[in-house]
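Trainee: Could we go through this structure together before I head back to the bench? I'd like to ask things as they come up.

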Amino acid sequence: MNSCQKAKTDFSTFFGTQECDRGSAFGGDFDLSPCFTHYGCPNEMSDLPGVGRAGAKGGTASRIPRCAPSQRQRQTATTMARSPRPKSSFRPVFHERTTEEDDSILTQQLWKLARKTGNLNLSNKALASVPERLYDINEADADSKAVNLEQLSIKEEDAWWNQVPLTNLDLSSNTLTHLSPKIANLQHSLTVLTLHDNALVELPSEIGKLEKLMRLNVSHNKLKQLPRETYSLPELRHLNISYNEFNELDPDISDLHMLEFLDAGHNNIQSLPGGIGFLVRLTALLLPHNHIKELPPDLVNMRSLQKLDLMQNDLTCLPEDMGLLRKLECLYLQHNDILELPNFEGNEALSELHASNNFIMTVPKAMCSNLPHLKILDLRDNKITELPDELCLLRNLNRLDVSNNTISMLPVTLSSLAHLISLQVDGNPIKTIRRDIIQCGTTRILKTLHERALAKAKEDGSDNAVSNSGAGISVTRLSGGQAEDCELPSNYPDSYQQLAQQFQYQHQCPCIYHQQRQGRVAPHSCLYGPQTHCQEYNRQTQGNMYKSESYHTNMARGPYLQQQQSQECRYPNGVMYQQQQYQQQFTYEQAVHPRWVYKLRHTRTLAVNLEELTEVPEQVFQIARNEGVHVVDFARNQLSTLPNGLQHMHDLVTELVLSHNLIGYVPKFISQFTRITFLNLSNNLLSDLPMEFGVLNTLRELNIANNRFQFIPNSVFELQGLEIFIASENHIKTLNVSGLKSMPRLSTLDLRNNDIDSIPPTLGNLTNITHLELVGNPFRQPRHQILMKGTDAIMSYLRDRIPT
């Protein structure tokens, strides 16, 4: 007897004669191999490296009992060995699709739904070909015609005369290689055709017969060109040919006169056709990730263009007359070979300029004064060596990125940018600011620059020009950072001068007027000069006649005193009476500097920031109204509520910025602003909004971040046109999904850093929300990992948790 047999006998004696019942231990469904199958007998393991025979010699080594197969398992094994294996009856997952399988995708339920709504969605169905019966969907089938009158009375919606023609066909995310010419059968109804994410190598020429087609998406295919007939579609407004293999754009594309959106990105396009400028209705031209080296001169003829994307190309320069694109709002120029930027004279609507990863060496000074509405300026990864002081003219700038350049000094004028919330300067050899200050971020950098600006102004003796801490308005700031004695343009169209010339004798000093009548001084000697410098004037009027507070005091005393003062005039021809008569007009115009009035007219923007204002005179808003101002910005002051003078501009204001103030309530007259589209009330002391707030149907973006809201005001849910709602950094505890559901256009919802303890799963049903921010709230579900995956993951998670 060898050692293995002996071990088995020993274990049988120890455990008894009962064998290991694997059926009871593992349910009888496992066929365990013998314990020593892999290594054989334990005594034979000594041949393995590192294993000795001490256990065999000592006789004390443990042994594992070998379990014999049970009788049931032996019978099962015998039966399986005798019976042949049956052939598989299922089809493999990966196989060649047949036409019958593709036709079966279009079920009767989808057919009825399409004929009822006019929309047919066959995306992500693994179709290799389009079901043939689809092309006849607008025709009445035999079954519907054979229905008798009694059946129609029971279910009249199935009647063929009540069916809707197919208008929207979605065949995306399939494996289509071709499209049948029968697509022409839908020529009188189809308006949207979606074919992206397929394997199309060409389109049929019959696609040009779709006379009502407005949207065509053929992105993510293998197309090299479009049929010539495509460019004759009379109603086409949206064309997406991105992620294909185009080498050029057909010159006939200029025949698409109704085109408003063109995306030809991620192709191999070398140049643009010369006639592309005829697309005068185009609002978005997207050409990223191509090999374009030069832009055609007639590109600037696209007067409706709002977004131009030219990133990842081979451009070296831009057209000099870019200013003709007066409606351009977003310009993307990243990853090109651009050496310099144009002045952008005329591009006043530009709000975003992305020009990173180029070879730009300087920032044009004229560009800063020509872009009053610029909010984002991205110039990182360039060759810039110096930033101009004129950057302070970009009053609406929110983000400035100049990282990874060769800048050695930051201008102190950056501290006057009231809306700058992100300043990126990493990767620059800055020597004037310590590294630890730069690492502290934007706020610390701007504070340092502001302190240096104050110190420099104190040394120069012009502290008031830099920091006016009173309730007045600094003319230097209002005039765009330029000094008061700057020379005005030769064609300066200022109403102040016109009024002064019109009432020249009434607006000048009375003693000078009297001397002029006697021929002792030249005319207009003190026309624009301060009248308090005249000794005779100061002696007679005590220097108070033209001051605004004196005027209001006299007006409060009544007309009797004014009449009495006018009768005391001792100058001939009633000069003091005329002076008193036109005093209101003069004070109204003298309240501001002529350059500021010109700035208002030129930019249509009233911006007064960093002045610590507690109130604003009504005359300021009256002047702004006369100059057609539609953007009002009083950010970073100390206002406790909306100035009453704003009511004078209720039918003009489209953008109102009152962030970083001390506003505790919003007055009811806010409902009078019938044209407002953007309202920023962030960083204030608000806890509620008036019910009248809900009538602002034109409002598209509302920012109430960093206030004291504990709930979303009910008046917000009545804003039917609201698209962007930012309510982060508050104390909101609950989320009213039913209220959010009543806002059909809401696409961006930012609720970061609040006190929301639970997210209702029904929020996932609000498919109109494409950007959702929920980070920084105390709820447990969804988890942080899901929040980091983005809006789609959050909404999908919430929909899965809706109870059925």
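Trainee: Let me start with charged pairs: which residue forms a salt bridge with Asp378?

Mentor: Keep in mind that this is a predicted model. In the model, the partner of Asp378 is Arg380, and the closest N and O atoms of the two are 2.3 Å apart.

Trainee: Is Asp378 buried or exposed?

Mentor: Asp378 is buried, because its relative accessible area is 2%, whereas Arg380 is partly exposed with a relative accessible area of 27%.

Trainee: And how many salt bridges does a search of the whole structure find?

Mentor: The search finds 10 of them. One pair is Arg752 with Asp750, where the closest N and O atoms are 2.8 Å apart. Arg752 counts as partly exposed at 34% relative accessibility, while Asp750 is buried, its relative accessible area being 8%.

Trainee: What about Arg625, which side chain does it meet in a salt bridge?

Mentor: The side chain of Arg625 meets that of Asp651, at 2.6 Å from N to O. This pair links distant parts of the chain, since Arg625 sits in helix 23 (residues 618-626) and Asp651 in the loop between strand 15 (631-633) and strand 16 (655-657), with their positions 26 residues apart in the numbering. Arg625 is partly exposed at a relative accessible area of 33%, and Asp651 also counts as partly exposed, at 28%.

Trainee: Which residues are linked in a network of salt bridges?

Mentor: Arg228, Asp250 and Asp252 are linked in that way.

Trainee: Switching to cysteines, how many disulfides does a search of the whole structure find?

Mentor: The search of the whole structure comes back with 0 disulfides. As background, a disulfide is a covalent bond between the sulfur atoms of two cysteines. If you want to look at individual cysteines, Cys317 is partly exposed with a relative accessible area of 45%, and Cys330 counts as buried at 14%.

Trainee: Now pockets. What volume does the largest pocket have?

Mentor: The volume of the largest pocket is about 2000 Å³. Its lining is made up of 49 residues, and those that lie nearest the centre are Lys375, Asn398, Glu655, Phe678 and Glu701.

Trainee: Which elements give two or more residues to that lining?

Mentor: They are helix 22 (594-603) together with strand 15, strand 16, strand 17 (678-680), strand 18 (701-703), strand 19 (724-726) and strand 20 (748-750).

Trainee: How does the lining of the largest pocket break down by class?

Mentor: The lining holds 23 polar, 15 charged and 11 nonpolar residues.

Trainee: And the greasy part, which residues touch the most other members of the largest nonpolar core?

Mentor: Leu169 and Leu410 do, in a core of 97 residues. The elements that give two or more residues to this core are helix 6 (108-117), helix 9 (365-370), helix 10 (435-440) and helix 11 (442-460). Helix 11 provides the largest share, which is 3 residues. As a general point, nonpolar side chains in soluble globular proteins tend to be buried together.

Trainee: Back to Asp750 for a moment, how far is its C-alpha atom from that of His771?

Mentor: The two C-alpha atoms are separated by 7.9 Å, although the residues are 21 apart along the chain. His771 belongs to strand 21 (residues 771-773), and at 35% relative accessibility it counts as partly exposed.

Trainee: Last topic, the backbone. Which peptide bond is cis, with omega near 0°?

Mentor: It is the bond from Gln781 to Pro782, and Pro782 is found in the loop between strand 21 and helix 25 (784-788).

Trainee: What is the phi of His335?

Mentor: His335 has a positive phi of about 55°, although it is not a glycine. You will find His335 in the loop between strand 9 (330-332) and strand 10 (352-354), where it counts as partly exposed at 34% relative accessibility. Arg636 likewise is not a glycine and has a positive phi, of about 60°. Arg636 is placed in the loop between strand 15 and strand 16, and at 27% relative accessibility it counts as partly exposed.

How values were computed: Residues are numbered from 1 along each chain as its sequence is written. This is a predicted model: local features need pLDDT of at least 70, side-chain atom pairs count only at pLDDT 80 or more; totals for chains, interfaces and linings use all residues. Side-chain values use heavy atoms; hydrogens and water are left out. A salt bridge is a side-chain nitrogen of Lys or Arg within 4 Å of a carboxyl oxygen of Asp or Glu. Buried means under 20% relative accessible area, exposed over 50%, partly exposed in between (1.4 Å probe, protein chains only). Helices (H or I, at least four residues) and strands (E, at least two) are DSSP runs, numbered from the N terminus. A disulfide is a pair of cysteine sulfur atoms within 2.5 Å. On a 1 Å grid over the protein atoms alone, a cavity is a set of points where a 1.4 Å probe fits but cannot get out, and a pocket is an open set with protein on both sides within 12 Å along at least five of seven lines; lining residues have an atom within 4 Å of a point. Grid points are joined across faces, edges and corners, and a volume is the space filled by probe spheres set on the points. Ala, Val, Leu, Ile, Met, Phe, Trp, Tyr, Cys and Pro count as nonpolar, Asp, Glu, Lys and Arg as charged, and the others, Gly among them, as polar. A nonpolar core is a set of buried Ala, Val, Leu, Ile, Met, Phe, Trp, Tyr and Cys residues joined through side-chain atoms within 4.5 Å.
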